[in-house]
Amino acid sequence: MIQDIGPHKFDLTYGQPEAQDHDHVLYMKNNQTLLRKKADSNYEIPRFADFPNEKEELKAKAYYMFAIDDMKYYYVTEMEQGEENGFEFCKTPVYRTMTPMYQAFAGITATQLHRWKESRKYCGRCGSRTEDSKKERALVCPQCGQIEYPKISPAVIVAITNGDKIVMSRYRVSSNPYRGYALIAGFVEIGETFEDTVRREVMEEVGLKVKNIRYYKSQPWAFSDTEMIGFFAELDGDDDTIVLQDDELSEAGWFTREEIPDETMMNSIGAELKMVFKYGSLEKFYEATGYQPE
Ligand SMILES: [Zn+2]
């Protein structure tokens, strides 16, 4: 998954360390990030040293976010460099395919943090301008003391199985740009346990009853400010008739193990759930397909 970046280590220690030339800098504007295009149609996150004319100025005003190993990541919202000399403003889907995957993880996590800071410039309670907390990753209101932490919305994703079959669906183009076969997923609502959400979402989206809800793994999914909580669940009873929710999904059905397409990008928990069901374990999937985790 996108956060499985070993042997690299993600370091969230809060602080405002001084930027160095070799540290990464993300210039963010209108939910897009200035990245450098490489020859192989891939993109890379630039470093301060890539902007010799303005790096000292950038280093002085950049906001520190996190580190991976000894590489620190900062962002800026103003810069002289634009889309020239191989630089391009990229939207977040670029991180669905960027390699190496730890850089994609850094990029999308940085985007989430920036999006949160931009949306909490003012206190939601009294309207005053918020400030960075000195002791933790939070914005504080100097007037009323309100504290705002980064927005992380939990959501469940569930592999519904019945013997050799699994439920997969496709989203309507208008509700989600993802075109492949997806598992049932949805946000946790107030007053719900994760298991309640699984039962409700499955009933709402495909009209099925499930039992034996078993936790698999979780995953930060910064594309939608989400923490995905992954589950397996079994059909409860004999009625496997799928009743589709019209407004979100365009199709859904039961598929056998052989009918599940092999994944070519294992960055999401949905991909893992499908491959674990198809092959029995992640290791067996790697063995059978020759897929190399990044
Ligand atoms: Zn306030």
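In which sense do strand β2 (residues 24-29) and strand β3 (residues 32-37) pair, and over how many bridges? The two strands pair in the antiparallel sense over two bridges, where pairing requires that DSSP finds at least two bridges between two strands. Helices (H or I, at least four residues) and strands (E, at least two) are DSSP runs, numbered from the N terminus.

This is a predicted model, in which local features need pLDDT of at least 70 and side-chain atom pairs count only at pLDDT 80 or more, while totals for chains, interfaces and linings use all residues. Residues are numbered from 1 along each chain as its sequence is written.

**Strands around β3**

Besides β2, strand β3 pairs with β7 and with β4, as the table sets out.

| Partner of β3 | Sense | Bridges | Residues that stand opposite or are bridge partners |
|---|---|---|---|
| β2 (residues 24-29) | antiparallel | two | methionine 28 and threonine 33 |
| β7 (residues 87-90) | antiparallel | four | phenylalanine 89 and leucine 34 |
| β4 (residues 43-44) | antiparallel | two | glutamate 44 and arginine 36 |

The hairpin of β2 and β3 has two residues between the strands, and asparagine 30 takes a positive phi near 50° there. In the hairpin of β3 and β4, which has five residues between the strands, serine 41 takes a positive phi near 65°.

**Two helices**

Helix α3 (residues 101-119) has 19 residues that should span 27 Å at 1.5 Å a residue, and its end C-alpha atoms are indeed 27 Å apart; the expected span is 1.5 Å times one less than the number of residues. Because 14 of its 19 residues are buried, α3 is largely enclosed by the rest of the structure. A residue is buried if 20 or more other C-beta atoms, placed from the backbone, lie within 10 Å of its own.

Helix α4 (residues 194-206), with 13 residues, reaches 18 Å from its first C-alpha to its last, close to the 18 Å expected. Its buried residues, including Thr197, Val198 and Glu201, pack against several strands, among them β11 (153-162), β14 (210-221) and β16 (249-256). After α4 comes glycine 207, whose phi is positive, near 70°.

**Domains**

An automatic or database domain assignment divides the protein into domain 1 (10-119), domain 2 (120-150) and domain 3 (153-289). The C-alpha centres of domain 1 and domain 2 lie 24 Å apart. Six residues of domain 1 are in contact with six residues of domain 2, contact being defined by C-beta atoms, placed from the backbone, that lie within 7 Å.

Methods. A residue is buried if 20 or more other C-beta atoms lie within 10 Å of its own, exposed if 12 or fewer, and partly exposed in between; C-beta atoms are placed from the backbone. Two residues are in contact if their C-beta atoms, placed from the backbone, lie within 7 Å.
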